Every structure is written in C-alpha cells, then in structure tokens.
Amino acid sequence: MIHRLVHRLMRLLSAALLIVLGTMPSAAGTDPYLQATQGRSQTITPAFFGTHFHRLELGLPDDEGRTRWPQQPLGHLRLWDAQTTWFNLQPAPQTWQFERLDAYVAAAESAGARVLLTLGMTPAWNSTRPDEPCPYTQGCSAEPRDLTAWQDYVRTVARRYGTRIAAYELWNEPLLSELPRDRGQRGFYTGSVHRLVAMAEAARQALDEVSPGTPLCTPGFTNGVDRLALFLSAGGERQVQALCFHLYAESNLKLAQTLVSLQRLQRERGLGALPIWNTETGVEVAAPGEKLLGGVVTDWDSAATRLAQALVLSAAAGVERFYQYAWDNRRSGLVDDQGRPRPALAAFAQVQDWLLERRVGPCRQPWLNRPGLVACRTQGADGVHWLLWHTGAEPLRLRRPVLARALGARELRDSPEAGRAGPGDVIAIGQALVRLAVAEGKPR
C-alpha cells in the first residue's frame, strides 16, 4: 500500500515538473529561436525593409516594366537581375552603357530608398574562362583576367554615382574552387577565394579613392556559412564593412539555425561590429507538377506566411537589412509580372505595420517539450505585443490563461486576430502570424 502511494506521488511530482518545465522560458542552448535572437533586439525603421525589382517602370525605350514603385515604406533597393552587372555596363573595354543604372538610381532616389549595387559579373572580354557557361551569358562566372580592368570598373561606377549608390556587394552567391562541394558546379562565380579577396582589396581601394566611406560588403553567400568563413579567413574581412548573406532556408527553424551559425562565426572572428545584411531572401512557389526542392512551397498563401515569419525572425535576430527577392518575381513576388497583388503583399504590409518603430525580440519556443509554437516579443509606445505562429499543419488551439502563463504574462489583454477577449477563450494559432497584446508581470 505504501509502495503504491509513493509510486503515485512520484508520478504526480513528475507530471507537475513537466508542466513547470514546459511553461518556463526556453533555454537558449536548446532553442534555436532564442539562440538567434537573445540580446539582439532592435528598433525597426523603414531602413530594415528592402527589395528588388525586375520590371520597374523606368521610361526606357526597351522598357517592359509594368511595376510601379510601391506605397509600402522601403529603405533599400538591391540591384540584381536588373541588367546592371559589369558585362551590362561595360560590354567592351571602351564602351559604357549607364542608361538603365541611371534610371534605377533616379527611381530609388525619388522614393527615398538607398541603392545597394551588386558587383560582377565578368564581361567575356576580360574573363579567364570566356567560353564557360554562366547563368546569363558566357564567361561571366569566371575571375577577371585583368584586375586593373576590374578596379577601373568599380572606380568608374563609384565616380559617376558617388553617394547616390549607398553601398556595394562584392558578388552574388559565389562558389569557391577550394571547397570540394563547389568544384565542377555552375554558379555565379566559380573561381578561387584568393582571387575573390584580391577583387575585394581592389574594389575597396577604388572606393576609397573616389567615394570614401561607401561600404563594401562581403559577397552574398548562401547555403551554409563555410564559404563566408573561407572568404573572411583568406583576408576578406579586412576589406569589408558588412557581412552579406542570402538567408534562404527550407524552414524558418533552419533560418534560425543559420542565423546562429552566422553569429557564431561573427564572434569567433571578432567581427561583432560588422552588421549582418540579408541581401536576398524570397519564398518560391512551385509550378503545377514541379518537384518540390528545399524551401519551395506549393501555394501563394504558404509563401506569404513563410515570408512574414522570416521578416519577424530576422528583425529579432538583429539583421540590419532584409532585401526581399523580388517584388515582381514570377515565382516569389509580392505582385505578379503584371503588377497584380499576391497574398505576400498583404503579409509584407502587415509585418511592417506590426514592427515599425517597435523594439523586436527575443523570440522563443514557449514549450520545448511541445515544439512548433514560436513567439516573438515586440515593444512600442502602446506596450508589449507578442507575434506568434505554429509550424504544424493544423492550428494549435490554446486556452488564453495557459498561453499567458507560457509567455510570462499577467494576462492577454486583447486578441484582435484570434477572437474576442475573455479569460475562457480558446486561441487558434496557425502558420499565419497572430498578434497578442499582453500585460506583463507575474501570471495569475
């Protein structure tokens, strides 16, 4: 009898302990969301939000643009897939074509957005491998044969635009011949890291001559931090003023893990003063019948929710800029190629409304023993809000007092997105963001 009582008491104690542990704040060491965001909260301004355009109306004779500059606040424009690369600007050694870049810079300027120009790709006349296929033409993924010509390209552009181009990105998504996984692959750059570092040094010298103080950031690496680590350790860190990365991920849990890896690399190399810029991220929608690859979703609603989550998580992780790719892209756009809105446009606007002029972060999983629910804290003039989503296929239904305890809140004061206020209400949290205002303090 006593044995059964002791056994029952132990079971009750164990169950109580699980409940306590489940409602305690997540430990950073076991929660990638908290690891990525703890101590990195920032106040979000329009400068956080950037984008790309493929079909912006520029008024050029060959212009196929149908996209007008949007009403949403945008602090930055990255020029990529905009026909503004090196081989577009300088098709021959003594020939320069600036009409399109002029038009983009003027459009951004009139909208109050700052321009990030991605340097490269090599024109065939200066390519070390002029016959090598590359994503746009022949030879453009190879290292320049003559670094003097490369430096002259950077100098010429910087002299023409001065501070009207606010920053430069060294290259787009390089592959490095020193890495076994990159050898023999096709990409936007297929050369050596040492030549890439030499280009960084030459570009930095050119900028210092004609546009001193203009930042140069690392190449926009993606798919693992090993390439960025190799570039930095080979001497690239001495030439750059920001760490650029393309934060594509199979899921936003993977995004959090990538952010943790980036931050670890930043600490290990003593580069905490260099900001992290996410210079390209979009969520692609598969065509009917297409095989799904990592990060590709099946429908536009899913793309909208994934993008909203990525924006909030990146803001909470201290990422200084987020360049969405791309405003009018056929597979990942906020509008289609005719300028008609997609669900992601409403999601983008909602995230801006919920983040602007608020301090964002940290994020965490309230219950590590029930993973899937993610909560990100924001604070502004109207108090504390939590933005929540659930990664599962079905919404998570929670009683309001239970969720309040998990968030460390005295009460949930309102829930305009999740139902009418009231202590007995059940809140359904799915993949779309839910915003809850809370009264903080010891839960009742």
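Let's start with one ring: Phe 188 is buried, with a relative accessible area of 18%. Keep in mind as you look around that this is a predicted model.

Phe 188 has a partner. Together with Tyr 136 it forms a tilted aromatic pair, 6.0 Å from centre to centre and with 40° between the planes. Tyr 136 sits in the loop between β4 (114-118) and α5, while Phe 188 sits in the loop between β5 and α6, so the pair ties together parts that are 52 residues apart in sequence. Unlike buried Phe 188, Tyr 136 is partly exposed, at 37% relative accessible area.

**More rings**

How many aromatic pairs does a search of the whole structure find? There are 19. One of them joins Phe 53 and Trp 327, whose ring centres are 6.3 Å apart and whose planes meet at 50°, so this pair is tilted. Phe 53 belongs to the loop between β2 (49-51) and β3 (76-79), and Trp 327 to the loop between β10 (321-324) and α10 (343-355), so the pair ties together parts 274 residues apart in sequence. Both rings also belong to a cluster linked by ring pairs, which includes Phe 48, Trp 69 and Phe 348.

Here are the four rings we have met in these two pairs:

| Residue | Relative accessible area | Class |
|---|---|---|
| Phe 53 | 1% | buried |
| Trp 327 | 3% | buried |
| Phe 188 | 18% | buried |
| Tyr 136 | 37% | partly exposed |

**The sheet and a helix**

Now find the open sheet, where nine strands run in parallel in the order β6-β5-β4-β3-β2-β10-β9-β8-β7. Its edge strands are β6 (216-217) and β7 (221-222), each pairing on one side only. At one of these edges, β7 pairs with β8 (residues 243-246) over two bridges, in the parallel sense. Look there for Thr 222, whose bridge partner is His 246.

Helix α6 (residues 193-210) is a good next stop: its 18 residues reach 26 Å from the first C-alpha to the last, close to the 26 Å expected. Its buried residues include Val 193, Leu 196, Val 197 and Ala 200. What do the buried residues of α6 pack against? Their neighbours are α5 (147-161), β5 (165-169), β6, β7 and α7 (226-233).

**The whole protein**

Stepping back, the protein has eleven helices and 17 strands. Buried residues make up 54% of its 444 residues. Its C-alpha trace spans about 95 × 45 × 45 Å along the principal axes. The accessible surface comes to about 19500 Å², and 52% of that belongs to carbon and sulfur atoms.

How values were computed: Residues are numbered from 1 along each chain as its sequence is written. This is a predicted model: local features need pLDDT of at least 70, side-chain atom pairs count only at pLDDT 80 or more; totals for chains, interfaces and linings use all residues. Side-chain values use heavy atoms; hydrogens and water are left out. Two strands pair if DSSP finds at least two bridges between them. Helices (H or I, at least four residues) and strands (E, at least two) are DSSP runs, numbered from the N terminus. The expected span of a helix is 1.5 Å times one less than its number of residues. Buried means under 20% relative accessible area, exposed over 50%, partly exposed in between (1.4 Å probe, protein chains only). Contact means heavy atoms within 4.5 Å. Accessible areas come from the Shrake-Rupley method with a 1.4 Å probe; for residues, only the protein chains shown count as cover. Rings of Phe, Tyr and Trp (its six-membered ring) pair if their centres lie within 6.5 Å; planes under 30 degrees apart count as stacked, over 60 as edge-to-face and the rest as tilted.
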